[in-house]
Amino acid sequence: MMNVKSLIVLRSLAALAIAALISGCAVPFFSGYGANGQSREDFEHHVEEVFKLQNRMTSEVMMMMESDEVKKPEALLQAEQHMQQICADLNEYVSRDIDGLSTGLFLRRRVEKSAIDCEQAAMAIKPLLKP
């Protein structure tokens, strides 16, 4: 049977581990962040660039649709809607961050998992923008 001192130490360690997980300070499975195992700083920079790219694509789609220069408007709108679905977690993350709200561990993990797919969905719009 464990003594009281051992139980106190175990409880303290468990509390620290839970606090680290909740705050997002834990290193994700020792392999880095995102699909490419980047450092946290590099991954955050990549996510910021992906966010800017998908926002730029959305703006360009809107401008093209207003100008009536699009050869296949249905395909362009469908690709833009697909990108918005794929990038939803990233957009929620950035919106919450801008508003000063907690982003939470689970949302950050979803962004980690979807960042590359979001980038690819945004890149798939580029060829559709050519008149």
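Start by selecting Ala124: this residue is partly exposed, with a relative accessible area of 43% (buried is under 20%, exposed over 50%, and partly exposed in between, using a 1.4 Å probe and protein chains only). You're looking at a predicted model, where local features need pLDDT of at least 70, side-chain atom pairs count only at pLDDT 80 or more, and totals for chains, interfaces and linings use all residues. Residues are numbered from 1 along each chain as its sequence is written, and side-chain values use heavy atoms, with hydrogens and water left out.

Ala124 sits in the segment after α5, so step back to that helix (helices are DSSP runs of H or I, at least four residues, numbered from the N terminus). Select residues 105-123: α5 has 19 residues and reaches 27 Å from first C-alpha to last, close to the 27 Å expected at 1.5 Å a residue (that is, 1.5 Å times one less than the number of residues).

Now zoom in on Ser114, the centre of a kink of about 45° in α5 (the angle between axes fitted to the seven residues ending there and the seven starting there). Ser114 is also one of the buried residues of α5, which include Leu105, Val111 and Cys118.

Next, the largest nonpolar core (buried Ala, Val, Leu, Ile, Met, Phe, Trp, Tyr and Cys residues joined through side-chain atoms within 4.5 Å). Select Met57, Leu76, Met83, Leu90, Ile125 and Leu129: of its 23 residues, these touch the most other members. α2 gives the most to this core, with seven residues.

Last stop, Leu129: leaving aside neighbours within four places in sequence, Leu129 is in contact (heavy atoms within 4.5 Å) with Met57, Glu60, Val61, Met64 and Leu76.

Terms used: Helix = DSSP H or I, 4+ residues; strand = E, 2+ residues; numbered from the N terminus.
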